[in-house]
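Biologist: Please take a close look at one sheet of this model and describe how its strands are put together, then set it beside the rest of the assembly. I would like the cut-offs behind each term as you go.

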Amino acid sequence: MLPAVFAGREDTGSEVWLRSVTFERGRNYLITAESGTGKSSLCSYIYGYRNDFSGALLHDGRDVNTLSVAEWCEARRRHIAYLPQELRLFPELTAMENILLKNQLTGFKTQAQIMQLLEELGIPEKADSPVARLSIGQQQRVAIVRTLCQPADFILLDEPVSHLDETNNRIVARLVTEEAQRQGASIIATSVGNNVLINVDEELKL
Amino acid sequence: MKLIWKLLRKHISASQLIGFSIANLVGLTIVILAVQFYEDVKPVFNDEESFISKDYLVITRNVTGVGAMLGNSGEFGDADIADIEAQPWCRKVGRFANSEYSIYATIGLTGDRAMRTQFFFESIPGDFIDVNDAEWGFNPARPEIPVIVSRDYISLYNFGFAATQGLPQLSESMMGKIPLSFTLTGKGLNEVLPGRIVGFSNRLNTVIVPEEFMQWANERYGTGMKQQPLRLIVEVNSPGDIKIENYMKDHHYDVAGDKMSSSKANYFLTLIIGIVVVVGIIISLLSFFVLMLSIYLLLQKNTRKLQDLLLLGYSPAEVSKPYINMVIVINASVLLLSLVIMLLGRNYYMGMLSVFGTGGAGIWVSLIVGVVIMGLITTGNVIAIKRKIASLWRNS
């Protein structure tokens with residue numbers, strides 16, 4: 001497959017674009033990329049909110065363009081957990097409300113488990129603060145907790161630790177890995193620099 | 001759902017929604033009030049009444065000045081009646097019988113407050129009158145005179161007499177309750193009998209009593225001079241038949257209770273109500289567009305939030321729901337409020353209409369009209385919201 005904006009390019013030097021790539025459940029992947037090579041585009045294609053690409057993308061053998069709205073909703077609730085690079089939190093809601101908005105949909109974690117995660121990430125006291133008042137690093141941690149509040153076959157993380165320090169990077173890597181292992185899920189993480197501390201089975205250059 | 005509402009209610013413009021609600025309230029109220037008014041007033045213009053069928057015509061001889069001078073009294077002779085009976089459109093003919101003695105009617109309580117007037121009675125064969133036998137009949141052992149009075153008399157009193165004399169206007173039901181008695185004089189007798197108004201008629205332009213009473217009273221008080229009838233009641237196959245009209249014209253007979261004027265009034269009433277309804281619908285339609293605009297603006301301002309909710313896995317239906325609920329609540333409130341205003345308005349005008357003797361129609365028609373209009377507006381709103389959110393799906 002190839003994003004529409006790259007149409008006409010014959011060799012992108014990428015291990016993903018114009019190649020046949022399979023992501024398997026249970027294996028972890030790191031996609032490294034330079035800025036502007038289509039990293040977020042790839043995530044949006046997999047998550048189904050953009051389809052401006054040529055070629056084919058299959059979910060369990062089915063062309064994603066044939067999936068219905070209901071099937072996409074189901075995929076987003078039960079199969080693919082996604083952390084967008086731009087986080088997409090609601091600034092007027094508190095950290096907890098942002099997380100609950102997802103958790104209400106999936107019923108996946110208890111409020112206590114959510115608090116536990118916030119505590120591990122060092123922001124329990126921010127639970128009731130509006131997200132608008134949190135630093136970008138704190139917001140990223142809230143978004144990560146929200147991502148983990150659902151059952152998943154794939155945990156898709158677009159630059160998950162770009163705003164985190166070494167310690168929090170490690171904590172995030174551990175929490176995500178534990179969650180993935182618990183569910184037998186796969187982690188697909190992207191990174192512009194190779195600073196994601198998640199152990200991966202395969203690394204692909206975009 | 002509470003969290004979604006907290007998120008999505010942002011940018012809701014109260015002033016726009018109030019503007020829409022008021023505009024729609026005005027439009028809808030105009031429509032349903034007009035429809036209700038039409039329904040309530042319609043019976044006043046219709047000549048249908050329960051006492052005599054539409055197939056009966058009351059005819060009189062057209063008395064001209066010259067005719068009267070030549071001694072033509074306006075009576076129907078036996079030959080005239082036989083000729084009418086022989087017509088193919090005629091089913092049967094009934095003669096009006098007149099009272100052959102002196103009558104005084106006393107209306108109101110006895111004493112100074114009573115109104116006394118010289119009076120007359122007419123009767124037609126009982127099979128032309130459709131009134132409950134218990135109410136319509138006469139028993140010499142317990143004499144009470146049931147009468148059917150022309151509705152014109154009430155109009156004459158209400159709009160001619162009462163209005164100019166500062167007296168209260170009376171409704172038909174009130175008229176029926178006023179004590180009434182008749183003093184009958186003849187053959188050396190002078191007796192007072194109680195009376196009772198059974199009903200009012202548009203088409204019997206006289207005072208009708210049961211035929212049994214007429215016979216009894218004419219024997220008891222009458223002079224014994226048999227009069228030929230001045231009026232006939234004719235049952236016809238089809239009252240609109242042109243042959244009847246031509247026959248009446250040729251023989252210089254008049255048909256009483258000409259419906260022309262009331263049908264004209266009815267036509268104008270329908271026309272005016274039609275115009276009012278159209279104006280109401282236009283206001284409603286404009287208010288519908290105000291709401292659409294307001295919703296589009298709201299969705300536009302909240303586009304990013306809606307897209308983010310869809311990204312979280314909320315379905316377009318779940319995301320639309322708060323707005324759809326909002327529209328339904330607003331529209332249902334407007335409908336309810338306009339029904340209340342309609343009922344209040346109706347209450348007000350029914351007071352004025354009661355003198356015409358109409359009890360009003362049911363409110364079903366206007367209720368259905370209101371529900372249908374609001375249903376259409378709401379459906380339009382809901383479809384617009386769903387389409388707009390569906391369009392966000394792919395671009396999220």
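Modeller: What follows begins with one sheet of chain B and then moves outward to both chains.

This is a predicted model, in which local features need pLDDT of at least 70 and side-chain atom pairs count only at pLDDT 80 or more, while totals for chains, interfaces and linings use all residues. Residues are numbered from 1 along each chain as its sequence is written, and chains are lettered from A and ligands numbered from 1 in the order in which they are written.

The sheet in question is an open one of four strands in chain B, with the order E2-E11-E1-E12 and antiparallel pairing. Strands (E, at least two residues) and helices (H or I, at least four) are DSSP runs numbered from the N terminus, and two strands pair if DSSP finds at least two bridges between them. At the edges lie strand E2 (90-95) and strand E12 (253-255) of chain B, each of which pairs on one side only. Direction ignored, neighbouring strands of this sheet are turned by 30 degrees against each other on average; the axes behind such angles are lines fitted to C-alpha atoms, for helices over the stretch in contact, and angles run from 0 to 180 degrees between N-to-C directions.

Going through the sheet pair by pair, E2(B) is joined to strand E11 (residues 231-236) of chain B by five bridges in the antiparallel sense, and Gly94(B) stands opposite Ile233(B) in E11(B). Helix H4 (residues 78-85) of chain B packs on the sheet, where it touches E2 and E11 of chain B, and its direction makes about 155 degrees with that of E2(B). Such touching rests on contacts, and two residues are in contact if their C-beta atoms, placed from the backbone, lie within 7 Å.

E11(B) also pairs with E1(B), again in the antiparallel sense and over five bridges, with Tyr56(B) having Glu235(B) in E11(B) as its bridge partner. Beyond that, three bridges join E1(B) to E12(B), and these two strands run antiparallel; here Ile59(B) stands opposite Val255(B) in E12(B). Strand E1 (residues 56-61) of chain B is largely enclosed by the rest of the structure, because five of its six residues are buried. A residue is buried if 20 or more other C-beta atoms lie within 10 Å of its own, exposed if 12 or fewer, and partly exposed in between, with C-beta atoms placed from the backbone.

The chain around this sheet has 12 helices and 12 strands. Of the 396 residues in chain B, 30% are buried, and among the contacts in chain B with a separation of 6 or more, 85% are between residues 24 or more positions apart.

Chain B meets chain A through 13 of its residues, which are in contact with 16 residues of chain A. On this side of chain B, helix H1 (2-8) and helix H10 (303-312) of chain B each supply at least two residues, and H10(B) gives the most, with four. The residues of that side divide into seven nonpolar, three polar and three charged, where Ala, Val, Leu, Ile, Met, Phe, Trp, Tyr, Cys and Pro count as nonpolar, Asp, Glu, Lys and Arg as charged, and the others, Gly among them, as polar.

Across the interface, chain A has six helices and nine strands, and buried residues make up 41% of its 206 residues. Chain A holds an open sheet of five strands in the order E6-E7-E8-E2-E9, with parallel pairing. Its edge strands are strand E6 (80-83) and strand E9 (202-205) of chain A, and the twist averages 15 degrees from one strand to the next. Within this sheet, strand E7 (residues 154-158) and strand E8 (residues 186-191) of chain A pair in the parallel sense over five bridges, and the bridge partner of Leu157(A) in E8(A) is Ala189(A). Helix H1 (residues 39-47) of chain A lies across strand E2 (29-32), E6, E7 and E8 of chain A, running at about 150 degrees to E7(A).
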